[in-house]
Amino acid sequence: MKVLCVLYDDPKNGMPKSYPLANLPKIEVYPDGMTLPSPKGRDFSPGELLGCVSGELGLRKFLEDAGHTLVVTSDKDGTGCQADKEIVDADVVISQPFFPYYLTKERMQSAPNLKMAITAGIGSDHVDLAAAIERKIDVVEVTYCNSRSVAEHIVMMILSLVRDYHNQHQIVNSGGWNIADAVSRSYDVEGMHVGTVAAGRIGIDALRKMKPFDVHLHYFDRHRLPAAVEEELNLTFHETVESMIKICDVVTINCPLHPETEDLFNHEMIGKMKTGAYIINTARGKICNREAIADALKTGKLAGYAGDVWFPQPAPNDHVWRTMPNHGMTPHTSGTSLSAQARYADGVREILECFLEDRAIRDEYLIVKDGALAGMGAHSYSEGSATSGSEEAANYKK
Ligand code: NDP
């Protein structure tokens, strides 16, 4: 069997010789009782860089000892890229949402042996799900592996945007002490209305983490949460996104990208928001309209925008979100902390072990199975594709 694994580049100065922390905290189960990935073996130390090319998700020894071929590359975009050359005889493709190998219909057509696409992380929108269904290519992801990592990032971004941390940090870095400049956009979050679009694993965790800040919490989702959870967090449920965004000071977006959510935050939707609101989008870049966000920051309709997701990825060097005012963007990092990497590397190995031993892959990990949406996919996604326009990723120059 041949496994093609597309990972982001190594650090510019090579792999770290040491890491800040000697050990990672031990986490046994996720909040809903789901167990962490539990492969039979592991060939890495938790806390090492695993998501880059030399990290290889810790898979090489395991696969090669069993007689399989592993090809790892970061060359994934543009005509003639390495990944396109390797996919033609690959059985399995592994890719991370942070640096996705966009598995378009054309790429699937060039890969007659392809049986499974594994997302080393959460969010399989980089795969044309309609084409995978048609071709009967299974799509799986490591549900929950980095949901709480993202929720931490959301809290960081809400606080840093509302308090205007980036500007203040910049003033210090440039040798200044201009306090009036530093605080002219700085507020407390206490008392604000904070709402999430989708209250799944990330959305609910972000609400729970924001609760101690004494804010008013809101959510919109296709399914209502149990009454006990609404009561615990004093949540206001909204039947529509519009009803929530018109009263929220901070809106965090936590739904998957699929045809239903693509371009959800366009000019029209943003026009309905409270003037001076903040958006935090760590879900997927394409849920927000690129120009609408930049325009809203320029006019002051939005006071700030932060997130770590772009479209496509890597974002072209001239992507307007790199230079728009009052943004707090990071590259796509929230779900690939060293802590999260250990969990999703374990998850990928568990999935491969199941696949090779013909054992069932956990239902929670399934997005497409045997030509139909399945497991989490049947619950959270719709059939279709959100990959159009991904060729633009080739415009990024290192
Ligand atoms: P979950 O599956 O736990 O939650 C997704 C939630 O989105 C579900 O509650 C689902 O609702 C809801 N949803 C689906 N479609 C809609 C819609 N049209 N409108 C409103 N809600 C909708 O996933 P996670 O919380 O773990 O992750 C969510 C997303 O976050 C991922 O799909 C991924 O895109 C992104 N992500 C980003 C990461 C990063 O590094 N930045 C890392 C991990 C995830 P219901 O179940 O009620 O149908």
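Helices, of at least four residues, and strands, of at least two, are DSSP runs numbered from the N terminus. The model shown in these views is predicted.

**View A. The loop that holds Lys136, between helix 4 and strand 5.** Helix 4 covers residues 129-135 and strand 5 covers residues 138-141; Lys136 is found in the loop between them. Lys136 is not a glycine, yet its phi is positive, at about 60 degrees.

**View B. The open sheet of seven strands, with mixed pairing.** The strand order in this sheet is 2-1-3-4-5-12-13. Strand 2 (69-73) and strand 13 (372-373) stand at the edges; each has a single partner strand, so one side of each is left without a neighbour in the sheet. Strands of a sheet pair through backbone hydrogen bonds, and the pairing is either parallel or antiparallel. At one end of the order, strand 12 (residues 366-369) pairs with strand 13 in the antiparallel sense, over two bridges. Within this pair, Lys369 stands opposite Ala372, a residue of strand 13.

**View C. Helix 13 against the seven-strand sheet.** Helix 13 lies across strand 3 (92-95), strand 4 (116-119) and strand 5. The helix runs at about 160 degrees to strand 4. Strands 3, 4 and 5 follow one another in the order of the sheet.

**View D. The open sheet of six strands, with parallel pairing.** Here the strand order is 8-7-6-9-10-11. Strand 8 (235-238) and strand 11 (302-307) are the edge strands, and each of them pairs on one side only. On average, neighbouring strands of this sheet are turned by 20 degrees against each other, direction ignored. Strand 7 (residues 216-220) runs parallel to strand 8 and is joined to it by four bridges. Which residue of strand 8 is the bridge partner of His218? The partner is Thr236.

**View E. Two helices across strands of the six-strand sheet.** Helix 5 (residues 147-162) lies across strand 6 (193-197), strand 9 (250-253), strand 10 (277-281) and strand 11. Its direction is at about 150 degrees to strand 10. Helix 12 (residues 290-299) lies across strand 10 and strand 11 and runs at about 140 degrees to strand 11. Strand 10 and strand 11 are therefore crossed by both helices, where contact means heavy atoms within 4.5 Å.

**View F. The residues around the ligand.** The ligand is surrounded by 31 residues, the closest being Ile202, Asp221, His223, Glu260 and His379. By type, the shell divides into 12 nonpolar, 13 polar and six charged residues. Helix 5, helix 8 (201-210) and helix 14 (375-380) are the elements that give two or more residues to this shell. Which of the elements gives the most to the shell? Helix 14 does, with three residues.

**View G. Polar contacts of the ligand with Arg222, His223 and Ser334.** An oxygen atom of the ligand lies 3.0 Å from a polar side-chain atom of Arg222. At His223, an N or O atom of the side chain is 2.4 Å from an oxygen atom of the ligand. At Ser334, an N or O atom of the side chain is 3.0 Å from a nitrogen atom of the ligand. How much of the 930 Å² that the ligand exposes when taken alone does the protein bury? The protein buries 95% of that area.

**View H. Cis peptide bonds before Pro312 and Pro314.** The peptide bond from Phe311 to Pro312 is cis, with omega near -10 degrees. Gln313 and Pro314 are also joined by a cis peptide bond, and its omega is about 0 degrees. Where do these prolines lie? Pro312 is found in the loop between strand 11 and helix 13 (338-356), and Pro314 lies in the loop between strand 11 and helix 13 as well.

Notes:
Residues are numbered from 1 along each chain as its sequence is written. This is a predicted model: local features need pLDDT of at least 70, side-chain atom pairs count only at pLDDT 80 or more; totals for chains, interfaces and linings use all residues. Side-chain values use heavy atoms; hydrogens and water are left out. Two strands pair if DSSP finds at least two bridges between them. Axes are lines fitted to C-alpha atoms, for helices over the stretch in contact, and angles run from 0 to 180 degrees between N-to-C directions. A residue is near a molecule or strand if one of its heavy atoms lies within 4 Å of it. A polar contact is a pair of N or O atoms within 3.5 Å; within protein, one must be able to donate a hydrogen and the other to accept it, and residues adjacent in sequence count only if both atoms are side-chain atoms. Accessible areas come from the Shrake-Rupley method with a 1.4 Å probe; for residues, only the protein chains shown count as cover. Ala, Val, Leu, Ile, Met, Phe, Trp, Tyr, Cys and Pro count as nonpolar, Asp, Glu, Lys and Arg as charged, and the others, Gly among them, as polar.
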